[in-house]
Amino acid sequence: MHEYVFAQFLHESISNQLIDMRRKKQNSDSETECNGVPLNYLDILKPTLTEKRVQFNLNIPCSITPKGYAKLHEKLTSPCIPHSKGKADSMADRVYRQIFLYCTNSLNGFTHSSKSETTYASPTAMRKIKISQYEIISAKMVEAKELYQDPEFPANDASIGNLPHVSGRVEWKRPKDINPLAAFCTKSYSRFDVDQGALGDCWFASVMATVTKYPSLMSNIIPPNQTFKGSGYTGAFVFNFWRFGEWVEVVVDDRIPVVKGTCNPVFIHSTDNSEFWSCLLEKAYAKLCGSYAHLTGGFQSEAMEDFTGGICTTLILNKKERPPNLLKMMEHYTKTCCVMGADVGGDKNKRREELGLIGSHAYSVTGVGKVNYMGKDVYLVRCRNPWGERHEWKGPWSDNSPEWKDVKSKDKRALQYKPKEDGEFWMSFQDFEDYFSLLEVCHFGYSSLDCKDEIDKKKRCEEICFLGEWVANVNAGGSRDYPESFCTNPQYLFTIGTDNSGKVGKAHIIVGVMQEHRRFLYGGEYLAIGFSIFEVSELQNTRLTPEELLCRKPLLTSDYIPRREVTLEADLFPGTFILIPSTYNSNQEARYICRVFSTVKMKQLELDEENSYEGFPKSTMDALQSMMLKELASLELNFKQLCNPVTEKINSRILGTILDQSNFGEYMDGFTEFPSNLCSSLISSASTNLTGQIDLEEYLYLLIDLKGWMLTFNKYDDRKGCVSWFKFRDLLKSSGYKVSNRVFSVLAHRHIDHKRGHISLESYLHCMANLKFAFDVTSYHPKSDKGILMFNKEDYLRLSLST
């Protein structure tokens, strides 16, 4: 009964959100009220642009349909309610109740009520629905008077993972059992609250320490009012991480692994033994990645992005590859909205170890500055070791080194120089170059900060984002090393404007392509990914053709690397550019996002085709005219001999007989006669009134189309009676049909043989019959004043089922 009442309460709360949103948009012209799914349902794919952090709806497929929108609405307005122990119903339980008990809400049948009159929320309202699992769980814990025990990340070795030096040597305790004076945060978040434990996650710990400096970041990562005291304490804690374009809520219980028989946390902990926010934040990230063991080894760039939603660039610091202007770049970074981290290489270096630096270790870079030393300017870099305490640099400019005696007090104050054994230290820029192997920089954009937020008095970068998916035999064309299929990759156009002063100068941009996470949760390796950028005319609004791509040289090309994200920095004059992301090898599948950060405003557009029929090209028409002039008379004679003498029409069986007797069969590789199902499709495409029969005029038009389709197919035929998948879109264009990316995806999934990677003549003719019929419907069917097709149920069912 309690769970039913709680579900009702939650449902009413969400319903009230929707009602309030509908009232606020009564006068909106962009979102027309109608029964069923709103006309502008595809707007759900657009990012939520407000003064707050941008949210990209990346878990929604780009191919979303009205039915998919309705299911999404159902999911958002009927969330999964956990049991009192925190465990949610299984999907099997929910589906069973939907079909056999409720009998009303299934979109796949077994329903006693119609969905046609349901009014679904607009995309704007849908994007604003907030369902917090933390709030649901907390309410359930208060109701049950129990402390939360996370069923998805239990207090056992499964959550620890493969850590032999730890496994079997830990037990789990709640903070109050570790220290009766336990507090979530004692004063404020500080980098000195982060001491690395018995886990190789220095890359994560160093970034955690870095972001504590910025309240606007921490308030988003760690929602406020979390405590171990009073009625608000339920044993559940919540954190937010940026994952693949959106902020993800992660809820954990507060059971922490400690060394068995002690109260000493095994992993990250605070120097203050009564403070536990850093322990729980690490636990939440371990849950996100699958286990604590999955945090062993990683790149600071990954943690930087997951904490901030920014975009990271990596600079290699060895003598051969380091940028010649590295110091200027680092000074530039200190003036822009970003954070930095550096890695020490894993090679053995006795001198480096004597100076206190640890191999294969990550450090935070917390400052860059200069001092006047003996009459000369000396550039310094401030770093922090997440191990804290005495693990510091011992060389020149380290804490209490003799160099500081000759530095003026005002220079020390400007650098906030405070010698302590806290893991933080200064070193010369020259030593930083010589002893560190990587510098990783995370730039903040729309996902990182609210519009009014600042980092060290610096505003967030301008940002545009594209989301997509590489699908085998559709648009996974591979790199430019696969010239025939490269053209099938998605293409995105962006325009770089001028700065606020209106001066025409170069703008600094950072471009990144990120693939969905594989390394942790899926156990798979990252694909080698990269991208090319082409400069184009400002009038460009369609995809670059295969011919254009073959003869054009890209303006910029990234390396192809098997990493989560591949980035590239450049300075470009204002202009228009096309970004083409791809995997290195063709036909590799992955979801991805493309992001471009800049210091100036930008515009964006996914390049697409408009659905249109333009007829056969002139060369095909000339060939058809020559051929049909000789054949039409005999084809008409065949028709009259075989047609029904009363109706003077033929059906699919007779059409097959005529085609088998003519020379059409010579194109049908592997067939001795036209298949009956193909003949039925051809009849449907040509029949004006869906009678299952065609008259002489319809028959002659059909045969001309059929001959034209076969001539076109032969131009692209690989001499095996089939056409390779990467030629399919051009084959459609040569057949007279331009289709959008979404429509092309449907056609490719339906008609391409995905095992062999080609389309046969039979499948192609089926496709042409379907396309012809669909385009005829859109041409002749009744439309509203705004050009929107208007169907009643009877018409729609007849038309959709006929092919």
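Me: Leaving aside neighbours within four places in sequence, which residues is serine 398 in contact with?

Reply: A good place to start, and please keep in mind that this is a predicted model. Serine 398 is in contact with Trp393, Trp404, Tyr417 and Trp426, once neighbours within four places in sequence are set aside.

Me: Where does serine 398 lie, and is it buried or exposed?

Reply: Serine 398 sits in the loop between strand E8 (376–384) and helix H14 (409–415). Its relative accessible area is 5%, and buried means under 20%, so serine 398 is buried.

Me: Could we step back to the whole chain? How many helices and strands does it have?

Reply: There are 24 helices and 23 strands. Of the 803 residues of the chain, 52% count as buried.

Me: And what share of the contacts with a separation of 6 or more comes from residues 24 or more positions apart?

Reply: That share is 75%. Threonine 495 lets us look at a single pair separated in sequence: threonine 495 and isoleucine 578 are 83 residues apart along the chain, and their C-alpha atoms are 8.8 Å apart in space.

Me: Which residues does threonine 495 touch, not counting those up to four places away in sequence?

Reply: Threonine 495 touches Gly575, Thr576, Lys601, Met602 and Lys603. It belongs to strand E12 (residues 492–496). With a relative accessible area of 25%, threonine 495 is partly exposed.

Me: Now to helix packing. How do I read the crossing of helix H17 and helix H20?

Reply: Take the approach of the axes and their angle together. The axes of H17 (residues 618–642) and H20 (residues 696–716) come within 9 Å and cross at roughly 140 degrees. Roughly antiparallel would need an angle over 145 degrees, and H17 and H20 are therefore oblique to each other. As for handedness, H17 passes H20 in a right-handed crossing.

Me: Which residues make that contact between H17 and H20?

Reply: On the H17 side they include Ala623, Leu624, Met627, Leu635 and Phe639, and on the H20 side they include Tyr699, Leu700, Leu703, Ile704 and Leu711. By class, the contact of H17 with H20 has 13 nonpolar, four polar and five charged residues.

Me: I see aromatic residues on both sides. How should I read a ring pair?

Reply: A pair of aromatic rings is described by the distance of the centres and the angle of the planes. The structure holds 38 aromatic pairs. In one of them, the ring centres of phenylalanine 639 and tyrosine 699 are 4.8 Å apart and the planes stand at 35 degrees, so this pair is tilted. Phenylalanine 639 is in helix H17 and tyrosine 699 in helix H20, so the pair ties together parts that are 60 residues apart in sequence. Both phenylalanine 639 and tyrosine 699 are buried.

Me: Which residues do ring pairs link into a cluster?

Reply: Ring pairs join Phe184, Phe228, Tyr233, Phe237, Phe239 and Phe276 into a cluster.

Me: Let us compare another helix pair. At what angle do helix H22 and helix H23 cross?

Reply: The axes of H22 (residues 741–751) and H23 (residues 761–780) cross at roughly 140 degrees and come within 10 Å. This crossing of H22 and H23 is right-handed. From H22, Leu747, Arg750 and His751 meet Ser763, His766, Cys767, Asn770 and Leu771 of H23. The contact of H22 with H23 divides into three nonpolar, four polar and one charged residues.

Me: What does serine 734 touch, not counting residues up to four places away in sequence?

Reply: Serine 734 touches Phe616, Pro617, Thr712 and Tyr716. It lies in helix H21 (residues 728–734). Serine 734 is buried, at a relative accessible area of 18%.

Me: One last feature, the backbone. Which residue other than glycine has a positive phi near 55 degrees?

Reply: Serine 360 is one, with phi near 55 degrees. Serine 360 is in the loop between helix H13 (350–354) and strand E7 (361–373). With 54% relative accessibility, serine 360 counts as exposed. Phenylalanine 244 also has a positive phi, of about 55 degrees, although it is not a glycine. The place of phenylalanine 244 is the loop between strand E2 (236–243) and strand E3 (246–253). Phenylalanine 244 counts as buried, at 6% relative accessibility.

Note on methods: Residues are numbered from 1 along each chain as its sequence is written. This is a predicted model: local features need pLDDT of at least 70, side-chain atom pairs count only at pLDDT 80 or more; totals for chains, interfaces and linings use all residues. Side-chain values use heavy atoms; hydrogens and water are left out. Axes are lines fitted to C-alpha atoms, for helices over the stretch in contact, and angles run from 0 to 180 degrees between N-to-C directions. Helices (H or I, at least four residues) and strands (E, at least two) are DSSP runs, numbered from the N terminus. Angles under 35 degrees count as roughly parallel, over 145 as roughly antiparallel, 65 to 115 as roughly perpendicular and the rest as oblique. A crossing is left-handed if the near helix is turned anticlockwise from the far one by less than a right angle, and right-handed if clockwise. Contact means heavy atoms within 4.5 Å. Ala, Val, Leu, Ile, Met, Phe, Trp, Tyr, Cys and Pro count as nonpolar, Asp, Glu, Lys and Arg as charged, and the others, Gly among them, as polar. Rings of Phe, Tyr and Trp (its six-membered ring) pair if their centres lie within 6.5 Å; planes under 30 degrees apart count as stacked, over 60 as edge-to-face and the rest as tilted. Buried means under 20% relative accessible area, exposed over 50%, partly exposed in between (1.4 Å probe, protein chains only).
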